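Here are a few notes to get you started with this one. Have a look at the structure, then read the points below alongside it.

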Amino acid sequence: MRRWLVSALLLLQAVASASATDQQVMETDTDETTTTNLSPATETDVVQGGQQWAPYQSGWELVQEAMVEFRKIKTPSYRKAKKQGGLFGALFQYAAKALPSLRVSAPPQPEHAAPVISGPLLEGVKLLQQSADQNNTDAIYLLGQLNFFGNYSHPRNFKAAFDHYYRLASYGNSSAQYMVGLMYSTGVGDAVERDQAKALLYHTFAADAGHTRSEMTVAARHLSGIGVPKSCETASKYYKRVADKAMVWFRSGPPGGMAITPEAHRLSDDVGGVYGEGASVVSSGINALKASPNSDAYAAIDDVIEYLDLMSQKGDFKASFNLGRLYYEGQRGLERNVDLARRYFAAVTTMYWRSKDGRAVDQPKPQLEKYASKAAGYIGRMWLRGEGVKQDFKLARGWFERGIKYGDAQSQWGLGLMNLHGLGMPKNVSKATELFKASADQDFSLSHVALGTLHLDQGTPDDLKIANSYFEAAARWANIEAQYYLAEMIHHGVGRDKTCGLAMAYYKNVAEKAEPLVSSWTEANQAYEDGDYELAFLDYLMAAEQGYEKAQNNVAFMLDPTQSRLPLPSWLKRQPPKPSLLQNSALALIYWTRSAIQNNIDSLVKMGDYYLYGIGTEPALDKAAQCYTGASEYFQSAQALYNLGWMHENGVGLTQDFHLAKRYYDQALETNEEAYLPVTLSLLKLRARSAWNTFTHGRINSIQDEPSPKKDWSLSEWIANFLQEDNIYYEDDGYGGFYDDGTIAGSDGEPLGDAFDDVDGVIESLIILGLVGAILFLMYYRARRQQAHRQAEENAARQRQQGGVGVGVGVGGGMQPQQPAQAQGQGHGPGGLFPQPGGPDFGQWAAGAAVGH
C-alpha cells in the first residue's frame with residue numbers, strides 16, 4: 001500500500017512538472033511585436049500574479065538561433081516623401097495629382113498568391129517551427145506574431161496566426177488569449193467569423209490573469225454594452241485595475257513622475273474631419289474646433305520649429321524659450337529632446353544672468369526677467385529628474401532658487417518637492433507647504449496635487465474638502481495623478497459621495513493617459529507616417545478594442561469606402577487600390593457606431609450614411625433618420641440637417657414634405673455658413689418642385705410662409721423683452737474668439753462673476769428707464785406751467801379790454817399805457833400752445849424765458 005502511494009505521488013509530480021514546463025510562457029505584450037525586435041526575453045506587459053518565464057524550455061536554443069537569423073534581415077523603409085510647404089509647394093502637389101500618370105505596368109498580381117520567403121527569414125521560420133514542434137511557447141508566440149503583424153517582411157497569414165495563438169491560449173498564456181479574443185471580436189483577415197461571446201470569454205480569461213489590454217477591453221465592453229449588458233460596476237472594477245497599474249508605472253519614474261507625451265489623435269482631423277474641411281463638425285459650425293487668426297494651430301510642426309529657430313538665432317528670447325518647451329514636452333510628430341531643450345533654455349538664461357558671476361545684467365530687455373526665471377525652472381527640473389544630465393540635487397536647487405527670486409511657479413514646486421522628500425536637503429514639510437501654496441496661487445497643477453496629497457493624508461473632513469478642491473483644480477489641466485486621486489475618493493466615498501459613473505470616468509481617463517504602458521498608439525502613428533497602412537490599421541484596431549474613441553474613429557476612417565462622393569476616373573488615380581485588409585465596410589460600421597456611442601457627432605452622421613445607402617449592412621431608412629436626428633439636435637451638425645432636408649424633399653425614409661425640407665435646409669445654413677452654395681442650390685430646386693406641386697394641386701405639403709402672430713405686449717412684457725435684447729446686443733460682440741477677456745474660472749471650469757454681470761445689466765437698464773421717465777415728466781410739467789401762465793395773461797388782457805385801456809407804471813414813475821400782451825410775446829397765436837418754429841418768440845420759448853418770471 002505504501003509503495004503504491006509513493007508511486008502515485010511520483011506520477012502526479014511528474015505530470016505537474018510537465019504541465020508547468022509547457023505553461024511557462026513568455027508574457028510579451030503585443031505592442032513590442034509591432035516593431036522589429038522580437039526578443040523573447042523582453043516583457044512589456046504588466047501581469048500580476050502570473051508565472052515567471054522559465055528561460056530553458058525545450059527548444060530554447062532554436063529560438064535563439066532564429067533570432068540571430070532575423071537580425072540579419074534589413075527592414076524595408078516605408079517612409080513617405082515629405083510634402084513641400086508653402087503656397088507653391090501645395091500648388092505643385094495638386095498639379096501632380098491632377099496630371100494623368102501615363103505609366104506602363106504589368107498586369108497586377110493576384111493578391112492571394114502564395115508568398116515566397118527566402119534567406120535568413122526562411123531559416124529563422126524553420127528554426128521557430130522546429131522549436132514549436134517541441135511545444136516551446138516562445139516559438140509558438142513568435143510564429144503567431146510573424147504571421148499577424150508581418151514582422152521582418154514576413155507575409156501576413158491571419159489564419160496561421162490564429163492557429164498559433166489558439167494553440168498557445170490553450171496553455172493559459174494571457175497574451176495569446178488576448179490575441180484570440182481580438183480576432184474573434186473583429187474577424188480581422190477573415191481568419192475566423194466574428195463572435196462577440198467568444199471574444200468576451202477569451203478577454204475575460206486574459207484579464208483575470210492580469211493582462212492589461214484585456215482588462216481595458218473588458219472594461220470598455222461592459223461600459224458600452226458590447227456583447228454583454230452594460231455594467232458600471234464591472235467596468236469600474238477593470239478600469240481601476242488598469243489605473244492602479246498606471247499609477248505604479250507613473251510613480252516609478254524620476255521625481256514628479258513619468259513624462260508622458262500624448263500620441264492619441266484622429267486621422268480625420270488632419271483633413272478637417274471625416275467629411276472634409278468645412279463640412280464636418282470639428283471644422284465648421286458653432287462647435288468647430290477653431291483657433292484664433294494669430295494661432296499656429298494650423299501650421300505644421302516642422303514649419304513652426306523652423307520659424308522659431310530663425311527668430312531664436314536673431315536673439316528673440318521668447319522664441320528660444322518656446323523652442324525649449326516644445327522639445328522638452330514633445331508632442332505628436334515631435335519626439336522629446338531634452339538636450340536641445342536645455343540648450344535653448346540656457347540661451348535664455350545667459351541673456352539675463354552673466355556666466356562668470358551669475359549676476360543679472362544691468363539693463364535687461366523687457367520681459368526677459370520673466371522668461372529667464374521660467375527657463376531656470378525648466379533647467380532645475382532637468383537636474384532634479386536627471387533628464388539628459390546626471391541627476392544633481394545641488395545644481396537643481398541653485399536653478400530653482402534663481403527662478404524663485406522672480407516668482408516662477410515651477411521653481412517653487414521643484415524646491416518644495418525637494419524639501420518634502422529630503423532630496424539633497426533635510427526634510428522640511430512646512431517649508432514645502434509654503435512653496436507649494438505660492439506655486440498653487442499661480443495655478444500650477446503639480447503644486448495643486450502636492451497640496452491635495454498633504455491634506456488628504458490628514459484625513460479630517462475639512463482637510464478632505466480642501467484636498468478635493470485642489471485635485472479638481474489640477475484635473476482641469478488633465479493631470480493624471482489628480483484624476484486618479486479623485487477617482488479613488490469617489491470610488492471609496494472618502495470626502496465625496498460614492499458615484500459609480502463619475503469614478504469610472506476618472507479611472508478610464510487615467511488608464512487611457514498611460515499610453516506607453518497600455519496601448520499601441522506610438523507604433524500605430526509611426527507606421528502610418530511611414531506609409532505602412534496595414535500595420536497602422538492593426539495597431540489602431542488593438543487600441544480601438546481597448547475603448548479609445550479616437551482609435552475607433554481611425555479604424556472606421558481607414559475602412560471607409562465613401563470618403564469622396566466624386567470619384568475620379570481610374571486613369572487619373574495615382575494611388576494604388578486599398579488592400580483587402582482595409583476593405584471591410586461591415587467592420588467600419590461597427591467602429592463608427594462605437595465612436596458615436598462616445599459622443600462623436602461626425603461618426604453618428606456616418607452611421608446614418610451607412611444605413612441610408614446600405615453600406616456594410618442592409619438599408620435601414622428608419623435608422624438613418626434616427627442617426628441624423630440625433631446628430632442634428634441643438635444644431636450640432638449641418639450635414640445631418642441637410643440630409644434630413646433631403647429625405648423630406650424626396651420622401652426617403654420620412655414623409656415627403658417640401659415645407660419641412662425647406663426648414664431643415666434653412667437650419668443647416670444657419671448652423672454652418674459655409675454650406676451656402678449647396679443649400680442655395682437645393683432651395684432653388686425645392687422651390688421649383690414646390691411651385692409645380694402647388695400648380696398641379698399635388699398631395700405634397702408645399703412651401704408656405706411661416707406665420708408671424710402679432711401679440712399686444714403688456715408693459716412688463718415689453719420691459720422684459722427690452723432687457724433681453726439689450727443683453728444679447730452687449731454679449732454678442734463678435735470678438736470672443738480673438739481676445740482673451742482675462743476672466744478667472746472656478747473649479748467647475750465656469751468663469752466667475754457671470755451672475756454679477758447679469759445683475760449689473762438689469763440695474764443699468766432700470767436706471768436708463770428711470771432717466772427717460774424723469775425727462776418725460778419734466779417736459780410735461782414745463783408744458784403745463786407754460787399753458788397756465790399764458791391762460792392767466794389772456795384772462796388779464798380780456799379784463800382790461802372790457803374795462804378800457806389800462807395804465808401801467810413807467811420806469812420813471814410816470815403813467816404809461818399798458819401794451820397788449822401779444823405785443824410782448826406772451827400770448828399764443830393761431831399756431832396753438834407752442835410758438836411756431838422760425839417765429840420771433842420761438843427762441844425765447846426754447847430757452848425758457850417765458851417761464852418763471
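1. Which helices do the buried residues of α21 pack against? Keep in mind that this is a predicted model. The partners are α9 (212-224), α10 (232-251), α20 (480-492) and α22 (515-518). On the α21 side, the buried residues are Ala503, Met504, Tyr506, Tyr507, Lys508, Val510, Ala511 and Glu512.

2. A quick check on α21 itself, which covers residues 500-513. With 14 residues at 1.5 Å a residue, the helix should span 20 Å, and its end C-alpha atoms are 20 Å apart, so the two agree.

3. Now for the holes. There are three cavities of 30 Å³ or more, and the largest has a volume of about 100 Å³. Its lining is made up of 14 residues, with Ala220, Ser224, Ile226, Gly547 and Gln552 nearest the centre. The elements giving two or more residues to that lining are α9, α24 (533-545) and α26 (585-597).

4. Helix α9 turns up again here: its four residues are the largest share of the lining of the largest cavity. By class, that lining has six nonpolar, four polar and four charged residues.

5. On to the nonpolar cores. The largest holds 124 residues, and Phe70, Leu128, Phe148, Tyr165, Met183, Val188 and Phe537 touch the most other members. Leaving out residues up to four places away in sequence, Leu128 touches Val63, Ala66, Phe70, Ala139, Leu142, Leu143 and Leu146. Another core, of 50 residues, lies apart from it and includes Ala341, Leu368, Ala375 and Met418.

Conventions:
Residues numbered from 1 in each chain as written. Predicted model: local features only at pLDDT ≥ 70, side-chain atom pairs only at ≥ 80, totals over all residues. Heavy atoms only, no water. Expected span 1.5 Å × (residues − 1). Buried < 20%, exposed > 50% of the residue type's maximum accessible area, 1.4 Å probe, protein only. Contact = heavy atoms within 4.5 Å. 1 Å grid on protein atoms, 1.4 Å probe; cavity = no way out; pocket = protein on both sides within 12 Å on 5 of 7 lines; lining within 4 Å. Points joined across faces, edges and corners; volume = space filled by probe spheres on them. Nonpolar A, V, L, I, M, F, W, Y, C, P; charged D, E, K, R; others polar. Core = buried A, V, L, I, M, F, W, Y, C linked by side-chain atoms within 4.5 Å.
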